[in-house]
2 protein chains.
Amino acid sequence: MSYSGDIVKKLAEQGYRMTPQRMMIASAIEASDGHISAEEIYAQVIIKYPQVNISTVYRTLELLKQLGLVTDTDLGEGRVRYHPVGKGHHHHLVCQECGGITDLDEIVLSPLKTILLRQYGFSADLRHLAIFGRCKKCSQ
Amino acid sequence: MSYSGDIVKKLAEQGYRMTPQRMMIASAIEASDGHISAEEIYAQVIIKYPQVNISTVYRTLELLKQLGLVTDTDLGEGRVRYHPVGKGHHHHLVCQECGGITDLDEIVLSPLKTILLRQYGFSADLRHLAIFGRCKKCSQ
DNA sequence: TTCGTAATTGCAAAAGCTTGCAATAACCCG
DNA sequence: CGGGTTATTGCAAGCTTTTGCAATTACGAA
C-alpha cells in the first residue's frame, strides 16, 4: 500500500511537529479497515504508548480533518468513524429500520456537487456521507 | 398557522398518552422559528412546568422523529436542532470557513432521492440535510 | 549541543446526549 | 368514580466529545 505513511509525510510537509502521539495515531488510522473510531484508535495506541491521552486523539483527528487527510462520518452509532482520504471515497446508505449499511459509489453524488457549485457557488464536501432512510427489504 | 397543535393531535391519534410534558414540548417546537435545540425547548418548558426533566425532552424528540413529525439536523454547532415537519422542508449549505448558512430548496435533492430509490431500492430521508463545504465568498 | 519559543500534550472539568431503573400517572374498564 | 395496567417520567450515572490551562517537548537558531 503506497498510501501508508502519507498522513505523517503530509503533516511534516506542512510544518507540523512530529510527536510520537501523532505518528502512532496516524498509523492506526492508516492500518485500519477505513472506519475506525476515536476509542479504537486510542485503544491501539495506548498499547505501545501508555501515556497518550484520549483528548490528543480527538485533537489530532480534528487537525487531520481540517487538512483534508481524513473524513469523519456519523453512521448513527453514537460515535463518529474516521476514514483516511488516501483509501478512496465512498458513501453509505444507512437503514434506520434494520441498521443495515450499503456502500455507495462516489459518482452517485457528483451531479449534486456540480449543481451546488454552478447554482450556488458552493463547493460541497461530499466525500464520505451517511444517508439515512429505509432499505429495500425494510420498505416492503 | 393551521399546523399549530398538529403534533399533539397526531400523537393522540396514534394512541400515545397526552402528558403535560409532551404537550408543552410539542408547542415549544411548533412556536419556534423552526430550528430549536433541546436545551432551548427545555428552557422554555421549565418556565411553566418546573419539574420537567431534560431527558424527557430528548425522549419526546426521539419519539416525534420516529413518527416523522420532526426532523433533526446537525448544523455543526455541537448541538442538534429540531424542525417541525409541518413547517415545510428545506436544506442548508454550511460553510466550514465562515460559518455562514445558505438555505436550499427541497427540490435540489429530489433527483438524488429518485436515483437512490430506482438504483438501490433505498428510500432516503432527505428532508432536512446539512451539507458542509465552502461558500462562494470563502472559495475565492 | 544547548537554549528559547511556541506548538502540543495531559489533566480535569464540562457540554450534549443516552440509558437503566424505580416511581409516577394517563387511560381503559368496570 | 375508583382501580389496575402499563406507558411515561425523573433521577442519577454513564458515554462521547470538547475545552481551558498549566506542564511538557519538538524544533530552529545560536
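Modeller: A residue is near a molecule or strand if one of its heavy atoms lies within 4 Å of it. This is a predicted model, in which local features need pLDDT of at least 70, side-chain atom pairs count only at pLDDT 80 or more, and totals for chains, interfaces and linings use all residues. Side-chain values use heavy atoms, with hydrogens and water left out.

Colleague: Which residues come nearest to DNA strand C?

Modeller: Of the 21 residues around DNA strand C, those that come nearest are Gln21(A), Arg22(A), Thr56(A), Met18(B) and Tyr58(B). Of the atoms of DNA strand C that come within 4 Å of the protein, 71% belong to sugar and phosphate.

Colleague: What makes the pair of Thr19(A) and a phosphate oxygen of DNA strand C a polar contact?

Modeller: A polar contact with the strand is a pair of N or O atoms within 3.5 Å. A polar side-chain atom of Thr19(A) lies 2.8 Å from a phosphate oxygen of DNA strand C, and therefore the pair qualifies. For Arg79(B), a polar side-chain atom lies 3.2 Å from a phosphate oxygen of this strand. Asn53(A) has a polar backbone atom 3.1 Å from a phosphate oxygen of DNA strand C.

Colleague: Why is the relation between chain B and chain A called that of a two-fold axis?

Modeller: Chain B is superposed on chain A by a rotation of 180° with 0.1 Å of shift along its axis (RMSD 0.1 Å), by least squares on the C-alpha atoms of residues with pLDDT of at least 70 in both. That is the relation of a two-fold axis. The C-alpha of Leu112(B) comes closest to the rotation axis among the residues of chain B, at 3.7 Å.

How values were computed:
Residues numbered from 1 in each chain as written. Chains lettered and ligands numbered in written order. Polar contact = N/O pair within 3.5 Å; in protein donor to acceptor, adjacent residues only side chain to side chain.
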